[in-house]
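User: Please take a close look at one part of this chain, the sheet and the helices that pack against it. I would like a connected account, with the residues named.

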Amino acid sequence: MKPFDPHKKSQALRRFKPTRKPAGVFTIALGFCDASLLALAFFLVVSPFVMQPGINITLPDSPFTGGARFGSMVLSITRGGWFYFNNERLDEAGLKAALANQARSRGNSVLIIEADERVEHGTVVKAWNAALEAGIQDVSIATQISALEEVGE
């Protein structure tokens with residue numbers, strides 16, 4: 001006769017035997033999808049706080065604006081007096097050459113001058129004259145729309 005072992009039944013119960021095996025590829029793919037969606041959500045939330053590359057220009061305020069035309073050329077003038085045209089930093093002589101080249105290739109197009117509000121008036125006039133010498137007849141100065149104050153009755 002066998003001796004009675006009270007722990008034999010408990011050992012069988014403690015041993016876990018899954019009835020179904022998990023699909024290996026599916027569980028790994030699910031983990032990657034989960035991590036990808038979390039990373040995507042993080043980047044979507046944080047993206048507005050990323051600085052955009054470019055030049056820092058504070059446009060002067062004006063209650064009047066004519067609107068920008070589609071396909072116009074843009075000349076930016078920083079407060080240091082540097083000219084930026086077609087993603088290039090130019091001096092006055094280089095600006096005249098670049099504007100003349102664009103005027104020949106584009107024909108009758110519009111130039112918008114974006115000048116910082118602290119740029120000297122003479123610098124803006126030099127850019128305007130360079131555009132006119134290059135053959136660009138339609139030149140506009142960009143402004144930012146100021147908030148209109150309501151007049152009390």
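Analyst: Ser76 of strand β2 is a convenient place to enter the sheet: its bridge partner is Tyr84 in β3. The model is a predicted one, and what follows should be read as a description of that model.

The Ser76-Tyr84 pair belongs to an antiparallel pairing, in which three bridges join β2 to β3. The two strands form a hairpin with five residues between them, and there Gly81 takes a positive phi near 90°. β2 itself is mostly covered, with four of its five residues buried.

β2 also pairs with β5, this time in parallel and through five bridges. One point of register is Ile77, whose bridge partner in β5 is Ala115. β2 therefore has β3 as an antiparallel partner and β5 as a parallel one.

From β5 the sheet continues to β6. β5 covers residues 110-115 and β6 covers residues 138-141; the two run parallel and are joined by four bridges. Within this pairing, Ile113 is matched with Ile141 of β6. Between the two strands the chain passes through helix α4, residues 121-134, and the resulting β-α-β crossover is right-handed.

Ser140 gives a local view of β6, the strand in which this residue is found. Apart from residues up to four places away in sequence, Ser140 touches Leu111, Ile112 and Ile113. Is Ser140 buried, partly exposed or exposed? Its relative accessibility is 30%, so Ser140 counts as partly exposed. Trp128 lies 12 residues from Ser140 along the chain, and the C-alpha atoms of the two are separated by 9.0 Å.

Now the connecting helix. α4 consists of 14 residues, and the distance from its first C-alpha to its last is 20 Å, close to the 20 Å expected at 1.5 Å a residue. Its buried residues are Thr123, Val124, Ala127, Ala130, Ala131 and Ala134. They lie on the same side of α4, because the arc they cover around the axis is only 120°. The other side of the helix has His121 and Glu133 as exposed residues. What do the buried residues of α4 pack against? Their partners are the strands β2 (73-77), β3 (83-85), β5 and β6, together with helix α3 (92-106). After the helix comes Gly135, with a positive phi near 100°.

Helix α3 can be read in the same way. At 1.5 Å a residue its 15 residues should span 21 Å, and the end C-alpha atoms are 21 Å apart, so the length agrees with the expected one. Leu95, Leu99, Ala100, Gln102 and Ala103 are the buried residues in α3. Their arc around the axis is only 170°, which puts them on the same side of α3. Ala93, Arg104 and Ser105 are exposed, on the face turned away from the buried side. The buried residues pack against β2, β3, β4 (88-90), β5 and α4. Gly107 comes just after α3 and takes a positive phi of about 80°.

Gln102, located in α3, deserves a separate remark. Its relative accessibility is 17%, and the limit for a buried residue is under 20%, so Gln102 counts as buried. Beyond its neighbours within four places in sequence, Gln102 is in contact with Met73, Phe85, Asn86 and Gly107. Gly107 in that list is also the residue with the positive phi just after the helix.

To place this part in the chain as a whole: the secondary structure comes to four helices and seven strands. Starting at the N terminus, the order of elements is α-α-β-β-β-β-α-β-α-β-β. Of the contacts in the chain with a separation of 6 or more, 71% are between residues 24 or more positions apart. The chain has 153 residues, 23% of them buried. Its accessible surface is about 12500 Å², and carbon and sulfur atoms account for 59% of that area.

In short, β5 is paired in parallel with β2 and with β6. The buried residues of α4 pack against β5 and β6, among other elements, and those of α3 pack against elements that include β2 and α4.

Notes
Residues are numbered from 1 along each chain as its sequence is written. This is a predicted model: local features need pLDDT of at least 70, side-chain atom pairs count only at pLDDT 80 or more; totals for chains, interfaces and linings use all residues. Side-chain values use heavy atoms; hydrogens and water are left out. Two strands pair if DSSP finds at least two bridges between them. A crossover is right-handed if, with the strands pointing away from the viewer, the path from the first strand over the helix to the second runs clockwise. The expected span of a helix is 1.5 Å times one less than its number of residues. Buried means under 20% relative accessible area, exposed over 50%, partly exposed in between (1.4 Å probe, protein chains only). The arc is that of the directions from the helix axis to the C-beta atoms. Contact means heavy atoms within 4.5 Å. Accessible areas come from the Shrake-Rupley method with a 1.4 Å probe; for residues, only the protein chains shown count as cover.
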